[in-house]
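Here are my notes on this one, jotted down as numbered points. Have the coordinates open while you read.

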Amino acid sequence: MTFSKIVNGASLKPRSGEPPKKIVLLLHGFGSSGTDMISLAPAWQDALPDTLFLAPHAPQRCDMMGAGYQWWGLSGFAPSALAAGAASAAPAIDVFIDRKLEQYGLTEKDLALVGFSQGTMMALQVGLRRPQAVAAVVGYSGMLAGTLGLGHDAFPRPPVLLVHGTADPVVPVAALHMSESQLKRLGVDVTTHISYGTAHSVDPVGLRLGRDFVAEAFTRAS
C-alpha cells in the first residue's frame with residue numbers, strides 16, 4: 001500500500017523543560033491543520049507538564065479548503081467510504097508514531113491519541129489497532145469509522161472518551177451513540193460526554209474532561 005508521509009505540523013514542548021516522558025498526538029479535522037489543533041494543548045500543559053504535544057498536518061492538501069489538510073478525501077459519509085478512507089490514511093500516522101516513540105525512547109503506554117472530527121476517526125482507527133495498547137484515545141465531534149480487524153481477543157482496548165455537541169451540524173450527535181454502542185460491543189471501556197448546545201467544536205467542559213481523562217490514563221499506565 002502506498003501512502004503519503006507526515007513531514008510537518010505544530011508542536012508544544014513539555015512545560016517542565018525536561019525531555020518528554022509522554023506524548024499527546026493531536027489529529028485535526030477535515031480541512032484544518034496541526035496549527036489549529038495545537039491550540040488545545042496550552043489548556044492541558046499544567047496537568048501534563050512532562051508531555052510533548054504533537055499536532056501534525058495530514059499528508060494531503062484539502063482541495064475544498066484552500067489552506068487546510070485532509071487525512072483522506074471525503075467523498076461521502078457512507079460507512080464503507082469512511083472505513084476505507086480511515087484505513088488508507090492510517091499507515092502514515094503509524095509510521096509517524098513509530099518514529100516519535102523511538103526518538104524519545106517511549107512506548108505506547110506513554111502515548112495518547114486525541115482527535116477532532118475526521119481526526120477522531122483516525123485516532124480510533126489507529127489507537128485500536130496498534131500492536132500494544134496506547135494509554136488513551138479521546139475523540140471530539142467524530143465517530144468510529146469501521147470495525148474491520150477488531151473484535152478478536154488480542155486487539156488492544158485502550159480507554160476511550162467521546163465528546164460531542166448536541167448542535168453539531170457536521171457530524172450529528174447520533175454518531176456518538178452509534179460509536180459508543182459499537183465500542184462497548186467490542187469490549188472497549190468507553191466514557192462519553194454530551195455538550196448541550198455546542199456545535200462542531202470543543203467547549204471548555206469537553207476540553208477539561210479530555211485533559212483529565214488523559215492525565216488519569218497516563219497515571220494508570222505508568
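1. Let's start with the second largest pocket, which holds about 190 Å³ of space. Keep in mind that this is a predicted model. The pocket has 17 lining residues, and those nearest its centre are A10, S11, L54, K100 and Y104. At least two lining residues come from each of β1, β3 and α2. By class, the lining splits into 11 nonpolar, three polar and three charged residues.

2. Now for the largest pocket, with about 280 Å³ of space. It has 20 lining residues, and G29, F30, F116, S117 and H200 sit closest to the centre. Helices α1 (34-37) and α3 (118-127) both contribute at least two residues to this lining. The make-up here is 11 nonpolar, eight polar and one charged.

3. What about enclosed space? Searching the whole structure turns up one cavity of 30 Å³ or more, and the volume of the largest cavity is about 30 Å³. Its lining consists of I23, L25, L54, F96, I97, K100, L101 and L111. Two elements, β2 and α2, give two or more residues each, with α2 giving the most, at four. Seven of the lining residues are nonpolar, none is polar and one is charged. Note that L54 and K100 appear in this lining and also among the residues nearest the centre of the second largest pocket.

4. On to the sheet. Seven strands form an open sheet with mixed pairing, in the order β1-β3-β2-β6-β7-β8-β9. At the edges are β1 (9-12) and β9 (190-195), each of which pairs on one side only. From one strand to the next, the twist averages 15°.

5. Which way do β6 and β7 run relative to each other, parallel or antiparallel? They are parallel, with five bridges joining β6 (residues 111-116) to β7 (residues 136-140). If you want a register check, look for L113 opposite V137 in β7.

6. Further along, β8 (residues 160-165) is also parallel to its partner β9, this time over six bridges. Here L161 faces T191 in β9. Together with helix α4 (residues 174-185), β8 and β9 build a β-α-β unit, and its hand is right.

7. Last, have a look at helix α2 (residues 79-104). This helix lies across β2 (22-27), β3 (51-56) and β6, and its direction is at about 160° to β2. As noted in point 3, α2 is also the element that gives the most to the lining of the largest cavity.

Methods: Residues numbered from 1 in each chain as written. Predicted model: local features only at pLDDT ≥ 70, side-chain atom pairs only at ≥ 80, totals over all residues. Heavy atoms only, no water. Pairing = 2+ DSSP bridges. Axes fitted to C-alpha atoms, helices over the stretch in contact; angles between N-to-C directions. Contact = heavy atoms within 4.5 Å. Right-handed = clockwise from strand over helix to strand, strands pointing away. 1 Å grid on protein atoms, 1.4 Å probe; cavity = no way out; pocket = protein on both sides within 12 Å on 5 of 7 lines; lining within 4 Å. Points joined across faces, edges and corners; volume = space filled by probe spheres on them. Nonpolar A, V, L, I, M, F, W, Y, C, P; charged D, E, K, R; others polar.
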